[in-house]
Amino acid sequence: MVESLACDVLVIGAGPAGLNAAATARMAGADVLLVDSQPLPGGQIWRSADGKQHPEVEALSPELADVSIMHSTTVLDWCGLESIMLLSGTSVYRVAAKAVVIATGARELFLPFPGWTLPGVMGVGGIQALKKSGLEVVGRKIVVAGSGPLLLEVAASLRRSGAQVQAVVEQAPWPKLAKFGLRLLRSRSKLQQALDLRRDIRDVPYKMDTWVTEAEGDTWLRSVKLSDGSSYECHYLATSYGLVPNVELAQLAGCEIVNGFVKVDARGRTSVENVYCAGEPTGIGGVDAAVVEGEIAGYAAAGDFASARALFGKRNRTDAFTRALSDTFALRGELRQVSDSSIVCRCEDVTLSQLKEHKDWRTAKLHTRCGMGPCQGRVCGPAARFLVGWEPGEARAPLFPTSVGALVENARTEATL
Amino acid sequence: MADVFTIWVDGEPVEARGGETVAAVLLNRGLVSAYLAGKEGDASPIGRISKSGSPRAPLCGMGTCFECRVTVEGVPQTRGCVTLCQPHMVIQTSG
């Protein structure tokens, strides 16, 4: 039994971009339905800690009072704006919307290396998310490695929570980092953040131009080896090399993707009429860009173009940071020189040497099953793109592993369209 | 102060708190037992065993990698990192 829902604006994703899009669409008078894959709103950067809402999410509560929110819900299929199929638990819903804002955020970029599949190795945003969901870090030895401003932020957060942060290991070189640091000083709030950070981790070794070459252990991580020859004992290794935009839903909806990002105009409109996109899927710009892009897209989706336009200046001021991020944290070639025995596809245990026997993603997938596991290429796809230059295939429904029961209900509904 | 309750992992009682996810609870338990156990095979399972027989634990923490999948209340392939623990929840790992 598929329940039908209708709304003016459907917002997918309840992170900074989605929450703000839902708020402004509502303020513009639209009937808004907000769906999110997590059990609590806030996305990653505004994730609830120990069940308590993030202050930024709290602050938006008044504007979201009349917005219907469906948690733990994902988009199952897209058959046009009149038939967006949602999956919530085992229930399937069909939504008819006049406009949609896709605010699906980003995930972390994982680069394979020997031992990265050991328990204890997780993402940088990943360890933060798990810490906020109850992961015990007091007294745990943790190495934070990879690339991006998230490394220092998470290292400081872990330190404040009582973890023993052994080292922060950044692959970017000093000149680039210095330039990025100076850039931050121009903004008073960012300067304050930087000073707080420095205070929190001043006794933690910070290595630049360095990366993890190996993780060692039997059934759990025991230590990591770095490119400068040093090694550290640790219980956890938090490692990721930046962010990958979650463009799968936009692809499924037929939106044009350019250089891996959803192409949008100044109002956030994609190449598909009445479909908007805001936040990381349009370009990795962090929370400030996500907030204003969400605000603009929400107004535009609700038809209030004047209010959307009034925010263009605020939006343009976030462009420089977006560019600085990609310039500073560009990934070095040495990260490709990992042992061929490294696992690339974790779902199907496919190694780099197995992948290299094939010429492209599609052939490799057919022969090795790389990309055919539950992650549907979300982890191995970006890794393969970086390591061997392959472009992964188009996203297809269902976007997440789905029960046969839900697929049958979905198919039955679509047969009536 | 978050409420404390019992969940069941592979038939054993485990303490959990409101606001904690299944993945976090299994990781805490897995780390402690891995370091106390000292020997392979004695560590508490965190979740799944890979195709080639290696133990795996959460990687992404945000529902995209599926390494944390366990059976929750009889439903297999459930991501532990997006599942909040509830009193008396029954979980089976494949470890």
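**Close-ups of charged pairs and a chain-to-chain contact**

A:Glu248 is a buried residue, with 15% relative accessible area. Keep in mind that what you are looking at is a predicted model.

**Figure 1. A:Glu248 and its partner, A:Arg107, make a salt bridge.** Zoom in on the pair and you'll find the closest N and O atoms 3.2 Å apart. These two come from distant parts of the chain, 141 residues apart. A:Arg107 sits in strand β7 (residues 106-108) of chain A, while A:Glu248 belongs to helix α7 (residues 248-252) of chain A. Is A:Arg107 buried or exposed? Its relative accessibility is 5%, so A:Arg107 counts as buried.

**Figure 2. A:Lys225 pairs up with A:Glu216 in a salt bridge.** Here the closest N and O atoms are 3.3 Å apart. A:Lys225 has 36% relative accessibility, so this residue counts as partly exposed. A:Glu216, at 25%, counts as partly exposed too.

**Figure 3. A salt bridge joins A:Glu293 to A:Arg315.** The closest N and O atoms of this pair lie 3.5 Å apart. A:Glu293 is in helix α8 (residues 286-301) of chain A and A:Arg315 is in helix α10 (residues 312-316) of chain A, so the salt bridge ties together parts 22 residues apart in sequence. A:Glu293 has a relative accessible area of 9%, so you can call this residue buried.

**Figure 4. Charged residues of chain A and chain B link up in a network.** Salt bridges with shared partners connect A:Arg346, A:Asp349, B:Arg48, B:Arg56 and B:Glu67. Look for B:Arg56 and A:Asp349: their closest N and O atoms are 2.8 Å apart. How many salt bridges cross the interface of chain B and chain A? There are 3, while a search of the whole structure turns up 28 over all chains.

**Figure 5. Chain B meets chain A, burying about 3,500 Å² between them.** Carbon and sulfur atoms account for 62% of that area. On the chain B side, B:Tyr35, B:Leu59 and B:Met62 lose the most area to chain A, and together they make up 21% of what that side buries. The contact involves 47 residues from chain A and 38 from chain B.

**Figure 6. Polar contacts between chain B and chain A add up to 14 residue pairs.** Which part of chain B gives the largest share of the side that touches chain A? That's helix α1 (residues 22-37) of chain B, with 9 residues. Sorted by class, the chain B side has 19 nonpolar, 11 polar and 8 charged residues.

Technical notes: Residues numbered from 1 in each chain as written. Chains lettered and ligands numbered in written order. Predicted model: local features only at pLDDT ≥ 70, side-chain atom pairs only at ≥ 80, totals over all residues. Heavy atoms only, no water. Salt bridge = Lys/Arg side-chain N within 4 Å of Asp/Glu carboxyl O. Helix = DSSP H or I, 4+ residues; strand = E, 2+ residues; numbered from the N terminus. Buried < 20%, exposed > 50% of the residue type's maximum accessible area, 1.4 Å probe, protein only. Contact = heavy atoms within 4.5 Å. Buried area = accessible area lost by both parts, 1.4 Å probe. Polar contact = N/O pair within 3.5 Å; in protein donor to acceptor, adjacent residues only side chain to side chain. Nonpolar A, V, L, I, M, F, W, Y, C, P; charged D, E, K, R; others polar.
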